[in-house]
Amino acid sequence: MSLDDAIAARSPRGGGGGGGIRVARRVFVGNLSWQTSWQDLKDHFRQCGTVVHASVMEERPGRSKGCGIVEFESADEAALAIETLHDVELDGRPVQVREDREDRDLAPAKAPGGKRPAVQAPAWGEPRGGGGGGEIEVGRRQRKAAQDADGDVIRVARRVYVGNLAWGTSWQDLKDHFRQCGSVVHAKVMEERPGRSKGWGIVEFEAPEEAVAAIEQLNDSDLDGRPIQVREDREDRDLR
C-alpha cells in the first residue's frame, strides 16, 4: 500500500465524539530501550516517509531518557507513523508514538501561509478540545481540564497512562509511586504474556483531581531508573 493509500484509508480509532489529534511534522516516541540510538530511531521510522531529523533525549551524555523525537518532511508522514508504528517493537521494547505536543508547527499561524497546517491523526479516545478549563459535568461523572506543555486543554477523568516503564516495574511499584498524588483505586502493568511487561501501564485514582495532579507532578519523574511519561488515558470510559 502506498503512503497516499494508507492515509486515505485511515479512520478514527476509539469511541465517543469522533475527531482526531492534530499532528504537524514531528512525533514523540516513548518507551525506548536504553540502547536505541538516533540512527536506530531514524532507520525504524524511515518506512513511513522521509525522516528529516531524529534525536534521543538524554539526561546526560550517553544516558538516554528513554524517549525521542522524529521529524518528517510532511505532516502526512507523521500521521502515518502514529497510525502504523505505535506499539511496534524497536530494540526489544514496544514503542509509544504520538503527536509531539511541543511542535512549533502546531501553533496557530499569525498570518495566512505563515505555518504548515496540521493534519488529523486517529484519536485514542476523544480528541483534545478547546473550551475553557475547570470542571465539566457529564451525566453523573465529572472530568477535570488540565493543560499540556504547549497550553492545550486536555480532558482528564480518573485514569492516567504511564509509559516508559522498566521491565522490572510491577503493579505494586506503580501503585506505590502514584500514591503520593492521591488514592489509587487500581494499577496495572500491561503484559505481552505472563511475566513479560509491555513497558506501560494504567493507574486509576478515586478522583479526577488526583489524576490531574499525577500528570502535572509525576510526568518525567524517575521510577526504577527510568523517567516515566504520564498523560491522560485517552481510552478512559469516563471521558465518553
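## A first pairing to look at

In which sense do β13 and strand β14 pair, and over how many bridges? The two strands pair in the antiparallel sense, and seven bridges join them, with β14 covering residues 196–205. One of the matched positions is easy to find: R193 has R196 in β14 as its bridge partner.

Before going further, please keep in mind that this is a predicted model. If strand pairing is new to you, here is a little background: strands of a sheet pair through backbone hydrogen bonds, and they can do this in a parallel or an antiparallel way.

## The sheet around β14

Now let us place that pair in its sheet. Four strands make up an open sheet with the order β13-β14-β12-β17, and the pairing is antiparallel. At the edges are β13 (184–193) and β17 (229–232), each of which pairs on one side only. On average, neighbouring strands here are turned by 25° against each other, direction ignored.

Two helices go with this sheet. Helix α4 (residues 171–178) packs on the sheet and touches β12 (159–163), β13, β14 and β17. The direction of α4 makes about 145° with that of β13. Helix α5 (residues 208–218) lies across β12, β14 and β17, and runs at about 145° to β17.

## The sheet around β2

Next comes another open sheet, for which the strand order is β3-β4-β2-β7. Its four strands are paired in the antiparallel sense. Here β3 and β7 are the edge strands, each pairing on one side only. Neighbouring strands of this sheet are turned by 25° against each other on average, leaving direction aside.

Inside this sheet, β2 and β7 run antiparallel and are joined by four bridges. To see one matched position, look for G30, which stands opposite Q96 in β7. Helices lie across this sheet too: α2 crosses β2, β3, β4 and β7, running at about 145° to β3. Helix α3 lies across β2, β4 and β7, at about 145° to β7.

## One face of helix α2

Which residues of helix α2 (residues 38–45) are buried? They are L41, H44 and F45. Looking down the axis of α2, you would see these buried residues fall within an arc of 85°, so they line one face of the helix.

What do these buried residues pack against? Their partners are the strands β2 (26–30), β3 (51–60), β4 (63–72), β5 (89–90) and β7 (96–99), together with helix α3 (75–85).

## A closer look at Q229

Q229 has its place in strand β17. Is this residue buried or exposed? Its relative accessibility is 10%, and buried means under 20%, so Q229 counts as buried. A polar atom of the Q229 side chain lies 3.4 Å from the backbone oxygen of P227.

Leaving aside neighbours within four places in sequence, Q229 is in contact with F28, G30, N31, C67, Y161, V162, G163, N164 and N219. G30, in this list, is the residue you met above standing opposite Q96.

## Cysteines

How many disulfides does a search of the whole structure find? The answer is zero. Two cysteines can still be described by their accessibility: C48 counts as buried at 4% relative accessibility, and C181 counts as buried at 11%.

Definitions and conventions
Residues numbered from 1 in each chain as written. Predicted model: local features only at pLDDT ≥ 70, side-chain atom pairs only at ≥ 80, totals over all residues. Heavy atoms only, no water. Pairing = 2+ DSSP bridges. Axes fitted to C-alpha atoms, helices over the stretch in contact; angles between N-to-C directions. Contact = heavy atoms within 4.5 Å. Buried < 20%, exposed > 50% of the residue type's maximum accessible area, 1.4 Å probe, protein only. Arc of directions from axis to C-beta. Polar contact = N/O pair within 3.5 Å; in protein donor to acceptor, adjacent residues only side chain to side chain. Disulfide = S-S within 2.5 Å.
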